[in-house]
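Hi there,

Here is the structure I promised to pass on to you. Please have a look at it first, and then read my notes below.

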Amino acid sequence: MNPAGSLLEARALHKAYGPTPALDGADFAIHPGEVVAVMGPSGSGKSTLLHCLAGIIRPDSGTVRYGPHALTDLSDARCSALRRSDFGFVFQFGQLVPELTCLENVALPLRLNGTKRKEAERRARDWLTRLEVDDLAAKRPGDVSGGQGQRVAIARALVTTPRVIFADEPTGALDSLNGERVMGLLTEAARDTRAAVVLVTHEARVAAYADREVVVRDGIAREAVGAA
Amino acid sequence: MSIGHTLLGLLESGPRHGYDLKRAFDEHFGQDRPLHYGQVYSTMSRLLKNGLVEVDGVEAGAGPERKRYAITDAGITDVAQWLARPEKPEPYLQSTLYTKVVLALLTDRDAAELLDTQRAEHLRLMRGLTERKRTGDLADQLICDHALFHLEADLRWLELTAARLDKLAEAVGG
Amino acid sequence: MSTTTSTSGGGLRGWARDLGMGVRFAVGGGREGWIRTLLTALGVGLGVTLLLAASTIPAIQAHRTERRLAATPTEADGPLAPSASTLVVADLRTQFRDRPLTGRMLRPDGPAAPAPPGVAALPKPGEMVLSPALREFLAEPGNALLRQRLPFRDAGTIGPAGLAGPAELKYYLGSATLSTDNGGVRVAGFGAERKSEPLDPQLLMLVIVGCVVLLMPVAIFIATAVRFGGERRDRRLAALRLIGADARMARRTAAGEALFGAVCGVLVGAALFLVGRQFVGGITIWDTNAFPSDLTPNPLLAALIVLVVPLAAVVVTLLALRRVAIEPLGVVRSGAGRRRRLWWRLPFPLGGLALLLANGGTSGAQSVVNPFLIAGGATLFLLGVTLLLPWIVDAVVGLFRGGPVPWQLAVRRLQLSGGAAARAVSGITVAVAGAIALQLLFSAIQGDFMKITGQDSKRAQLEVSLPTHDVATIRKMTREYQRTPGVRGVIAAIDTTASRPGPLRKGEPFIPSTSVTVGDCASLSELAHTGPCKDGDVFIVRDHTGQVDDSYIRQTARPGAAVDFAWPDRTGQPPRPRLWTIPKDARAIESRPDPMGMPSFGLFATPGALDTALLDEPQARAMIKIDPRFPDAVEHARNTAARIDPLTSVHALQNMERDAQYASVRTGLLVASTATLALIAASMLVTMVEQLRERRRLLSVLVAFGTRRATLAWSVLWQTAVPVALGLVLSVAGGAGLGLALLRMAGKSTVDWSVIWPLVAAGSGLVLVVTLLSLPPLWRMMRPDGLRTE
């Protein structure tokens with residue numbers, strides 16, 4: 001781990017839900033363009049770490065630094081603004097707004113950022129094309145398959161050209177073939193845009209798409225032994 | 001893998017020289033380990049002896065490598081039988097890793113670290129295979145996937161063992 | 001349709017089993033199940049309470065009428081001879097501020113005279129027996145003026161048997177002087193025959209439409225309450241399918257759940273009703289109130305409610321699930337794909353209108369109100385409006401494109417499930433449309449009435465009768481009023497008739513006559529444009545309006561001609577002439593409507609010109625001007641009237657009571673519609689919170705994206721506002737349509753559109769309230785907890 005020059009860095013994160021600690025002094029760092037897998041058994045605090053890193057929840061103690069900002073000190077509104085402009089998200093399921101068409105779903109982050117509808121939808125269409133699902137533009141999420149939906153979600157995460165993409169079990173609900181395809185597209189697109197990817201997964205084959213892995217066990221994140 | 005059956009199978013599409021056979025084998029199956037000429041030569045003589053192939057002709061200039069082989073009816077039957085016979089699944093009951101873990105526990109060494117190191121090593125190999133898969137063709141992908149799934153199975157075992165180290169320590173330590 | 005007896009089979013047994021399973025779900029569904037059952041029971045309970053209350057109206061009316069009739073003196077066919085068991089009675093009508101008092105003066109002819117119901121013994125002269133409400137009212141510190149008006153000794157209480165309702169202000173006054181000569185009627189006892197007077201057709205129409213308008217939203221609310229928590233229930237049903245139930249069984253199980261909630265609701269409603277009716281004595285609506293024991297639901301209607309509400313719950317649930325396919329792995333709503341059709345919806349409102357118009361007008365004297373036509377028409381029309389709403393929401397929302405993100409989110413949601421939104425607001429539509437229609441009708445009838453009276457309350461505020469024919473007494477009374485505190489002036493005039501002396505001439509059907517008015521210059525100037533006037537002047541007031549036959553005035557009241565004041569007496573004998581010559585300088589002037597709006601014509605004379613002793617049977621009227629800044633000036637004047645003679649009638653100009661009544665009707669409607677809106681707001685809120693809970697994960701994802709809270713709050717607002725706005729527009733249109741149809745029937749054309757605004761304001765308030773109350777749950781759902789995988 002080389003914190004110097006890192007894009008996003010967390011130190012000594014503690015977070016407890018009730019009496020059970022989810023994070024117990026976790027450290028983490030990621031560099032621009034790097035894909036880092038966060039692994040660990042279920043309930044080990046992987047998702048909590050991701051949420052803290054993305055500024056979605058505030059740790060009980062510890063700091064998260066993103067570039068010059070200390071996320072842990074920012075107001076909720078500033079954090080939200082940062083998430084809109086600099087971060088992208090892919091979740092396991094249920095993330096597309098069911099009423100909006102796929103195109104509108106992809107355009108949504110841009111529109112939340114203030115981009116005009118026409119321009120947002122034009123860029124959204126580019127990303128749908130790039131993820132080979134442009135034929136779904138007019139369909140609603142309820143009418144597409146799981147793998148297609150995940151591709152739309154990835155397009156949505158990438159449409160703002162974020163600097164960090166947070167992916168929480170992005171292939172968790174997919175069969176291996178679709179999962180592989182989605183991972184290939186995600187890492188490829190991230191490499192092209194020099195986005196860092198924080199990839200939470202419990203699947204080794206998914207983690208193998210990362211440049212390195214971090215194992216969370218009992219609320220503590222460990223750099224894999226012997227890794228560079 | 002039975003090289004004899006593989007070569008026989010390659011001959012089914014038509015007679016070939018020994019050199020052609022090696023090239024065809026390498027192209028399809030030899031990504032990691034190319035065949036030596038010697039292996040082709042010794043295998044073909046065994047097949048000749050058993051009547052599964054015959055020499056179709058010899059090019060001028062003599063030398064064993066100039067022979068052209070063709071498959072016999074008995075050979076075709078043999079290939080068919082081989083393909084139809086299911087392979088015996090690997091039981092994986094003798095595991096070096098298991099031995100290492102138990103020894104580490106018996107000698108009061110850190111078995112968890114051993115497992116973590118092994119896990120990192122597995123993942124490093126998996127990353128490499130994933131990268132090769134990304135750049136390779138379909139054959140590459142299938143071959144890498146085969147390996148990846150096996151490695152993943154190992155990794156799962158590593159995870160499971162790591163989660164049960166305490167119990168295992170009790171069981172072996174008494 | 002099949003006779004199989006498989007596990008999924010139909011038949012009564014299958015029904016019972018599946019309904020029972022639903023009941024078990026409702027009871028044993030854990031906290032979730034209980035909350036759902038509780039919500040349904042509360043919602044249905046509120047509705048049932050209202051329905052039960054409405055079902056008591058016939059009983060209340062019947063009981064009140066019964067007691068009122070029992071206390072009414074029995075009319076005799078002919079003059080009754082005084083005997084030991086007769087008595088003389090007279091009605092005393094008065095009013096204190098805005099509370100009407102009913103009194104009756106009694107004088108027994110002998111010891112055996114019967115007492116009215118609820119009264120133990122007849123009051124002695126100077127004593128009164130009174131209702132408990134009146135005793136309380138008299139004791140109130142602010143009512144000293146009324147105590148002055150009723151200074152009689154309290155000799156007892158009128159029991160409930162003698163009162164229409166517990167709040168009635170009623171008293172019986174004993175008298176020693178009342179006779180048939182001074183205003184009394186001799187009767188043999190109390191208790192009048194029920195005369196089946198047909199209700200005024202317009203009033204009947206109002207009552208019928210009112211019932212329809214107020215009860216339909218209740219029905220819709222009950223239908224909505226039955227569906228509370230439906231989405232969560234559907235998921236439970238899906239689980240049921242997973243373990244092998246077929247679609248029909250799942251549906252029936254859902255129906256069973258709803259049935260249980262509805263039955264609980266009926267129990268809750270009955271309990272609320274029983275508790276509520278103990279407090280009913282304190283409530284007075286439109287001068288009507290009732291004893292708790294009067295609130296007996298009509299047994300037929302009550303049985304109908306108890307049966308129909310649970311049945312309706314089952315039917316509504318089955319209908320609601322018609323478009324929902326409950327699959328083992330989840331619930332598929334097939335509504336989105338199908339377009340709503342207009343063709344079968346449109347005939348409902350049109351048919352309703354046709355039925356209403358088929359009834360014909362209600363303004364004529366012989367007009368007939370067919371309650372079935374009107375109730376059916378109004379119901380059909382309002383039902384039609386409700387049915388139109390989903391189509392309109394679909395059609396309009398389908399037109400929306402683009403817009404800012406919150407708008408887009410809301411509109412898309414509505415496009416996908418506009419039916420649910422339309423259902424939620426359909427209650428509003430009916431309530432508001434009905435209220436608008438009723439108010440339009442009320443305001444038109446009211447406006448009409450004001451036009452006819454034309455009373456000018458700026459010129460005088462009270463009209464009093466002066467129960468005497470003696471000119472000296474009239475003068476004395478006038479002076480008494482003038483001395484009353486708060487009275488600024490008295491317009492008093494003595495009226496009689498004068499005819500042309502001599503026999504009938506050829507071709508005359510009867511002798512020409514004219515009215516004669518005697519008063520001072522100030523009073524006369526209120527009745528005609530006298531111009532300069534001094535005591536001793538005489539005027540001839542001609543009619544140019546055509547209201548009376550001017551030729552009679554011309555033939556009788558000619559300057560220099562003689563007139564005869566004599567009045568043929570009851571025996572038919574020609575009376576002794578009382579001749580008077582009209583002065584030659586009598587001026588012809590124009591009439592002017594008096595403060596009551598009535599024009600006067602004929603001979604006008606000042607007291608200096610005409611000796612009032614000549615007049616035969618003169619009558620007097622007085623109009624009193626009071627100082628508006630003087631507190632209770634009207635009550636002071638009424639006290640004077642009561643002091644002069646308890647039988648004096650005092651009439652307030654300016655429709656004071658009628659204005660108040662109209663206002664109370666309007667307020668009542670507004671309150672009822674607002675209550676309906678509140679009920680609907682509650683159900684919208686429940687639906688909204690349920691929907692938010694359903695979308696907890698999605699909301700968390702949107703927050704992860706960095707979506708602003710305001711964006712989502714606005715989206716919730718739009719999601720409520722768009723259907724409500726459409727509902728309001730439709731209800732204004734529908735209400736105006738229904739209102740105009742009713743107006744047409746009533747033969748009215750004036751329309752007071754201002755009745756619409758308070759309802760529109762109430763609707764907007766509802767949107768705001770629902771949105772505001774949705775925000776705390778929204779913030780809660782936006783927490784990142786929703787991201788954690790289950």
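How many salt bridges are there between chain C and chain A? The count is three. Before going further, please keep in mind that this is a predicted model.

One salt bridge to look at joins the side chains of A:E99 and C:R695, with an N to O distance of 2.6 Å. Chain C and chain A also have 10 residue pairs in polar contact, where both residues are at pLDDT 80 or more. On the side of chain C that touches chain A, helices α12 (405-416) and α19 (696-704) each supply at least two residues. Of the elements on that side, α12(C) gives the most, with seven residues.

Taken as a whole, this contact brings together 26 residues of chain C and 27 residues of chain A. The two chains bury about 2600 Å² between them, and 61% of that area is on carbon and sulfur atoms. If you want to pick out a few residues on the chain C side, try C:R412, C:R697 and C:F705: they supply 23% of the area that chain C buries against chain A, more than any other three residues.

Next, the contact between chain A and chain B. Here 19 residues come from chain A and 17 residues from chain B. Together these chains bury about 1600 Å², with 53% of it on carbon and sulfur atoms. There are four salt bridges between chain A and chain B. In one salt bridge between these chains, the side chain of A:E213 meets that of B:R127 at 2.5 Å, N to O. Across the same interface of chain A and chain B, five residue pairs are in polar contact, both residues being at pLDDT 80 or more. On the chain A side, α6 (176-193), α7 (204-207) and β9 (212-217) each supply at least two of the residues that touch chain B. Strand β9(A) gives the most to that side, with four residues.

Now a few words on chain A itself. Chain A has seven helices and 10 strands. It is 228 residues in length, and 61% of them count as buried. Chain A exposes about 8300 Å², and carbon and sulfur atoms supply 50% of that area. As for its contacts, take those in chain A with a separation of 6 or more: 69% of them are between residues 24 or more positions apart.

Two residues caught my eye for their backbone angles. The first to mention is A:E132, which is not a glycine but has a positive phi, near 60°. You will find A:E132 in the loop between α4 (117-130) and α5 (146-158) of chain A. Is A:E132 buried or exposed? A:E132 is partly exposed, because its relative accessible area is 42%, and the range for that class runs from 20% to 50%.

The other residue is C:D632, again not a glycine, with a positive phi of about 60°. C:D632 sits in the loop between β17 (619-626) and α17 (633-644) of chain C. Its relative accessibility is 26%, so C:D632 counts as partly exposed too.

Staying with chain C, have a look at C:G126 in the loop between β2 (99-108) and β3 (127-130). C:G126 is partly exposed, with a relative accessible area of 38%. Which residues does C:G126 touch, if those up to four places away in sequence are not counted? They are C:F152, C:R153 and C:G174. C:G126 and C:G174 are 48 residues apart in sequence, yet their C-alpha atoms are 5.7 Å apart in space.

Last, there is a nonpolar patch on the surface of chain C. C:L301, C:L304, C:L307 and C:V308 make this patch, which covers about 370 Å². To find the patch, start from C:L301 in helix α9 (residues 299-320) of chain C. C:L301 has a relative accessible area of 36% and is partly exposed. That value suits a patch member, because patches are made of residues with over 30% relative accessible area.

Happy browsing, and best wishes!

Definitions and conventions. Residues numbered from 1 in each chain as written. Chains lettered and ligands numbered in written order. Predicted model: local features only at pLDDT ≥ 70, side-chain atom pairs only at ≥ 80, totals over all residues. Heavy atoms only, no water. Patch = residues over 30% accessible without salt bridge, like charges linked within 9 Å, V, L, I, M, F, W, Y side chains within 5 Å. Areas by Shrake-Rupley, 256 points an atom, 1.4 Å probe, with all protein chains shown as cover. Buried < 20%, exposed > 50% of the residue type's maximum accessible area, 1.4 Å probe, protein only. Contact = heavy atoms within 4.5 Å. Buried area = accessible area lost by both parts, 1.4 Å probe. Polar contact = N/O pair within 3.5 Å; in protein donor to acceptor, adjacent residues only side chain to side chain.
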